[in-house]
Amino acid sequence: MALFEIRGLTKDFGGVRAVDGLDLDIDEGEIVSVIGPNGAGKTTLFNLVTGMVTADQGAVNFQGRAIAGLRPSQILALGIARTFQNVRLFPEMTVRENVMVARHCRTRSGMLKAVLRPPSFRREEKETRQRAERALEFFGSRLVGWRFDTPARSLSYANRRRLEIARALASDPKLLLLDEPTAGMNPRETEELIELIRRMRDDLGVTIALIEHDMRLVKGVSERVVVLDYGQLIAQGRYDEVASNDRVIEAYLGRKATTA
Amino acid sequence: MTATGELAAIDFVPAPKAGPRAIRLGLVGGAVAVFVSVNGMVEAFSGRLLLGSLALGEALLLSVPLLIGYLAGRPEPVLEGFTARRPGWRNVLAGLVAGLASGVTLALFVVLVASFDIRGVFLNATPELVRDGPRILTFGLELGAGLGLLLGLYVALGGAGGVLQVLPGRFRRAVLTALGWVAGLALMQPAVAQVLRGIQQELRIWTAPLTDFLYDASGALSVPGIATIAAAAFCLQLLASRQHRKPVRTRLEQLPDRSRRILRVAILAAVLLLLGLLPQVIGPFLSEVLNIAGIFLLMALGLNIVVGFAGLLDLGYVAFFAVGAYTTALLTSPQSSVGVGWVFWLAVPFVILAAAVSGLMVGTPVLRMRGDYLAIVTLGFGEIARLLFISDWLKPWFGGAQGIIQVGDISLGPVQIRTPEAFFYVLFVFVLLAAYATYALQDSRIGRAWMAMREDEAVAEAMGVNIVTAKLSAFIVGAVLAGFGGALFATKIGSVFPHSFNVIVSITVLVVIIVGGMASVPGVVLGTLVLVGLPELLREFEEYRFLIYGALLIFMMLKRPEGFIPSGRRAEELHEQEVAQDEWLVAGAPETGATDADRDEPN
């Protein structure tokens, strides 16, 4: 059984059908790229899966459990974490605090404990801190040391993207959804991220689905490419298969004049 | 590299519009002077002598050119890479021009008042200002001579303000400190005299000669007093700003652990001892002032959690204050509808319960609202609460406009807390607990959830924070703190009336945390003392309280939007030094100290 299954997922925004009867499976340990022209419904798909937008129809199962209709926080707790296309951090909180927030669903202490500070609270805080720092250390020296205590807003663009991934990783996800992780990165940084995405899968055992426009990354990292157009799945397979698929070329470049 | 070197050598040649700026500032100053004259402040304050024979009203009038001259004399902003022009006669001239412009504006107003009766429009523009009686604006002289004196003083003081800008930084700071101390001690004469008297009575330190030396019989600072205070403040500030002096903080950090611990205990002990003696020394009136401020502080700490941490703008906060007060009144007053007449401490759990429930009741319907909408709806809830307490419908329970009287006193064992001095201790414990809880919550799982929610609600939810519980818990904590404030308020006053719980209370508390510093406990404390405590001391200003609040708010929003004592990160946000953060700059990475230095004193 697949780790993650979508059946007949549909979402209308007014008159526009953003996602149209989509079926999609993702197996454990896969790295899947979701591509498609602008407006194909890729980000809406992520929003639907994480519960930030509610679906009109269809089912989403994660580890055999129906997750449609759950709150985003519950879905995160089940193990689906995401990043955002236009980086959305908590700008005034420090780098470390940003990541610590993602441990919220894995920790328990309430207000009473926060005020009384029993040993169990201290232990949990310490662990939260360590887990957050470990997630940041995943990106080498870029987000560690004095950067732990700088506000997220003062980071460079690429570092913000990294911080967002670290935040998602800190919640111990089983499935990580990356929405255009390399947007705004230079080629060298993209290379590095390809490496990191592989390591997330190999070392941390995270299944990864990513939306990407940078075909170097798609080619370099994904084992399977899923192509959406007008909310429908039009092709899937290995990168070269998909890249030579007529429907895909048509979706990106338009219909040839002769076939019209 | 050479390029920047050459650039640095170029003087900032283009003479920018210093003249127009000085005149513009001068006109603004003139408008301020006319405004304070026309709205009656000058006259209302002319009864109180401040410095020698100078009354508060005149001092207010004369502080305008000094301030305007100081502002007009400020060096031009300099582009990066250019050398600033050395301050010199231009700055003084700018001050003189600004002073003159202010003076001319005010003089024109004086002529206007002297020639026409404008009281039909400006009620407070009384004949006493210029024509009859004390003739405040012309310093009691005939019109011509008075105008001459006025203009002369304005120009001279404007120039003096400009001269301040020419002084080297240390001296300027020392002069400003001296001015501040003289003004402060003169304004606060009643409080200072009371404290000195208290020290004499309680600690048997003979302070009467000092009081007599500093203050005249009229309550104004005496001339030798002014000279001594100014000289002392000037010298101390000059000494304190010696160069090559390490900041206290770094010096403390260099101490060995053991002595640091001893120092900390010693400071704590000294603070506790001082606080223990405080209410005795300052006497009942000042204790009462502190108690009023303390009750507002409890509310401000609560609202700080709701607005500062969780980012939920609540304008109906007074509702929870009222709930706390009425719960206490119902349970402790034998005259109330419940009529059980419990002791205060028995009522406290019910205050917590009632406040929490009311927090839930307000929080639940507004779960989906943010920002402006939330503010308006909570404003409505605040009014609803007041109207319910005043209503005839609930009169059998809450007593309508007559309220509830005979609210029980607090008792500690056999001791009844009746005097303001005793009440201070109880209140102090509550405030301390609230401040501690604020710090503890800020640095915890729930505090981070609140802040994440403040920053971006949708993302916080996507990152695992249940927004419903986070919002409700913020409302509940805020409500409980306000409830404590209400409970203490009810027992302090001994009665509750619905008119005590109007929207002004909500607004005041909000202004306190905005001016003091959002999400910063020291800021909230200072904000309360300044905005709630000071007006109680400076009774002259009572009538103009909201005018001053408004002016202060505008000033703060323009010049220091993060508040008096901001929380660390908000200060950075609003006065950010651009920090380039890419890896090739790591070697020269700025440490966090940069912002402290920045805050120190912008030259």
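User: On the other side of H5(A), what makes Pro119(A), Arg122(A), Arg123(A), Lys126(A) and Gln130(A) count as exposed?

Analyst: A residue is exposed if 12 or fewer other C-beta atoms lie within 10 Å of its own, buried if 20 or more do, and partly exposed in between, with C-beta atoms placed from the backbone. Pro119(A), Arg122(A), Arg123(A), Lys126(A) and Gln130(A) are exposed on that side of H5(A). This is a predicted model, in which local features need pLDDT of at least 70, side-chain atom pairs count only at pLDDT 80 or more, and totals for chains, interfaces and linings use all residues. Residues are numbered from 1 along each chain as its sequence is written, and chains are lettered from A and ligands numbered from 1 in the order in which they are written.

User: How do you know that the buried residues of H5(A) line one face of the helix?

Analyst: The buried residues are Phe121(A), Glu125(A), Thr128(A), Arg131(A), Ala132(A), Ala135(A) and Leu136(A). Seen down the axis of H5(A), they fall within an arc of 140 degrees, so they line one face; the arc is that of the directions from the helix axis to the C-beta atoms. They pack against helices H3, H4 and H6 of chain A.

User: What makes the 27 Å reach of H5(A) close to the expected one?

Analyst: The expected span is 1.5 Å times one less than the number of residues. H5(A), a helix (a DSSP run of H or I, at least four residues, numbered from the N terminus), has 19 residues, and the expected value is 27 Å.

User: Why is H13(B) called largely enclosed?

Analyst: Because 15 of its 15 residues are buried, H13(B) is largely enclosed by the rest of the structure.

User: Why is Ala193(B) called partly exposed?

Analyst: Ala193(B) has 15 other C-beta atoms within 10 Å, so it is partly exposed. Ala193(B) sits in helix H8 of chain B and touches Thr211(B) and Tyr215(B), not counting residues up to four places away in sequence. Touching, or contact, requires C-beta atoms placed from the backbone to lie within 7 Å.

User: Why are H12(B) and H20(B) called roughly antiparallel?

Analyst: The two helices pack at about 170 degrees, with axes 8 Å apart. Angles over 145 degrees count as roughly antiparallel, under 35 as roughly parallel, 65 to 115 as roughly perpendicular and the rest as oblique. H12(B) and H20(B) are therefore roughly antiparallel. Axes are lines fitted to C-alpha atoms, for helices over the stretch in contact, and angles run from 0 to 180 degrees between N-to-C directions.

How values were computed: Contact = placed C-beta atoms within 7 Å.
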